[in-house]
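User: Hi! I'm new to reading protein structures and would like some help. Could you walk me through a few features?

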2 protein chains.
Amino acid sequence: MIFRQLFDAESSTFTYLIGCERTRAAAIVDPVREQIDRDLALVRELGLALTNTVETHVHADHVTAAGEIRRRTGARTLVSRADGPACADEGLAEGDVVSVGDVTLRTLATPGHTAGCLSFVVGQGGTSEDRVLTGDALLVRGCGRTDFQGGDSGKLWGSVTSKLFALGDAMLVFPAHDYRGLNMTTIGEERRWNPRLGGEATRETFVALMAALHLPPPKKIDEAVPANRACGDDGAADPRRPGPPVQG
Amino acid sequence: MIFRQLFDAESSTFTYLIGCERTRAAAIVDPVREQIDRDLALVRELGLALTNTVETHVHADHVTAAGEIRRRTGARTLVSRADGPACADEGLAEGDVVSVGDVTLRTLATPGHTAGCLSFVVGQGGTSEDRVLTGDALLVRGCGRTDFQGGDSGKLWGSVTSKLFALGDAMLVFPAHDYRGLNMTTIGEERRWNPRLGGEATRETFVALMAALHLPPPKKIDEAVPANRACGDDGAADPRRPGPPVQG
């Protein structure tokens, strides 16, 4: 398995490039529009062929590169069946498996940050290399906010503690964001040390804590959500990328 | 093997925490002074005991946490024998092996960015998990500058193409910095795609390219180099960390 974590510093977003050593098929999870040239150069240099883009959810803090990647490479856009945009090629729900050559992404529905949040267990069938991409459901010692886009703290509690924690303490966890320079964790660490969801936390303490956060809205929400509902193809001027050529 | 990559966004520095699953011994490579609380919290939460701090070189862009980590945990400070600071506990040179429980760090002398730059092959004896920490000698599609602290482009060419490239295409590479959100690479990729040191590059094209860079000095060089020559214990006020307690 080829597995690369990529970082967009402006939005603190992690993008994941997942490839199959044998077939050279690849998928990219949560690609960021401003990073498309970097990411497609890496795909080329690794000798991979992108077959899919995959979104963990409809993002409020950055715009997806999915639409433009589809135009440039033909990669199919995969999103949540629950609340994903209609422009996508395919909807995913609990139990769906995305094949990337010999590598699989097994879909877990983990709502709570948004109504349609997905996580993906990535691997080649139960080896110690298996890992879970948790989107904004579970972050390193944190979690996504629950105050918009169908967010629901009670549901997030269930998604994390019943579904993600059940993957076992050794499971490696790769989130969609980090703001402190920590790029991965494990289920065991979060079960023990996550200050919101682990240790002594209960559903009640978690729901109360999330209700008391009163966070300001994400800076880009008014731009990002509509743009992401159009797979990033909203026609809005991207100051860093004026008019890339349409191919394919 | 426990292996964690940590990032300091201000200096774009990667720090590596390396631990032994069995003995819980750990070493930290290139720790950044401003991140000491984050890093020691992670050490604690993973149930590890730091035995060593290790520097790939005397940094010009950030101040090491080595001295303060030594005070707080007793971890011995390991630096280059060629040009490391006298305040350190031990000097390392080509072939020296640092044991971290069952994990080893095998020292490679890779001068050129500075006169004393070291790389470390980290692993448990020739498994596919083996990886090399390259400091500033080899970065993702780049390399460290060669215009101060004993920098020498000809030597860096030799270090990378004769010593690091000899580790084999499959070897995973973890650098000390990245500025574009790419956090790792492989020897094979750099041998093929590094625009300075790979592909069609020759010693002559590399030396000419490096001589033509004319980079401004690192912002922190006048502070960082003297501070690092004192293992970070220069007594200079750290605005983010006023007066941590001295322990042990």
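Analyst: Sure, let's go through a helix, some aromatic rings and a sheet. Keep in mind that this is a predicted model.

User: Let's start with helix H1 of chain A. Why is H1(A) described as largely enclosed by the rest of the structure?

Analyst: The trick is to count buried residues, meaning those under 20% relative accessible area. In helix H1 (residues 36-45) of chain A, 7 of the 10 residues are buried, so the helix is largely enclosed by the rest of the structure. Among them are A:Ile36, A:Leu40 and A:Val43.

User: And what do the buried residues of H1(A) pack against?

Analyst: In chain A, they pack against strands E1, E2, E3 and E4 and helix H2. Helix H4 (187-193) of chain B is on the list too. Just past the helix, look for A:Gly47, which follows H1(A) and has a positive phi, near 70°.

User: Next, the rings. How many aromatic pairs are there over all chains?

Analyst: Rings count as a pair if their centres lie within 6.5 Å, and the angle between their planes gives the type. Over all chains, the count is 13 aromatic pairs. Take A:Phe7 and B:Phe7: their pair is edge-to-face, with 6.4 Å centre to centre and 70° between the planes. This pair crosses between chains, from strand E1 of chain A to strand E1 of chain B. Both A:Phe7 and B:Phe7 are buried.

User: What about A:Trp157 and A:Phe206, which type of pair do they form?

Analyst: That one is tilted, at 5.9 Å centre to centre and 40° between the planes. It links distant parts of the chain: A:Trp157 sits in helix H3 and A:Phe206 in helix H5, 49 residues apart. Both A:Trp157 and A:Phe206 are buried.

User: Which residue lies over the face of A:Phe3?

Analyst: That's A:Arg131, at 4.4 Å from the ring centre. In chain B, B:Arg131 lies over the face of B:Phe3, at 4.4 Å from the ring centre. A:Phe3 and B:Phe3 also belong to a cluster linked by ring pairs, including A:Phe14, A:Tyr16 and B:Phe174.

User: Last one, the sheet. In what order do the 6 strands of the open sheet in chain A come?

Analyst: Read across the strands: the order is E7-E8-E9-E10-E11-E12, with mixed pairing. The edge strands, E7 and E12 of chain A, each pair on one side only. Inside the sheet, E8(A) and E9(A) run antiparallel and are joined by 6 bridges. For instance, A:Leu105 has A:Val122 in E9(A) as its bridge partner. Helix H3(A) packs on the sheet, touching E8, E9 and E10 of chain A, and its direction makes about 135° with that of E8(A).

Definitions and conventions: Residues numbered from 1 in each chain as written. Chains lettered and ligands numbered in written order. Predicted model: local features only at pLDDT ≥ 70, side-chain atom pairs only at ≥ 80, totals over all residues. Heavy atoms only, no water. Buried < 20%, exposed > 50% of the residue type's maximum accessible area, 1.4 Å probe, protein only. Helix = DSSP H or I, 4+ residues; strand = E, 2+ residues; numbered from the N terminus. Contact = heavy atoms within 4.5 Å. Phe/Tyr/Trp six-rings, centres within 6.5 Å; stacked < 30°, edge-to-face > 60°. Lys NZ or Arg CZ within 6 Å of the ring centre and 35° of its normal. Pairing = 2+ DSSP bridges. Axes fitted to C-alpha atoms, helices over the stretch in contact; angles between N-to-C directions.
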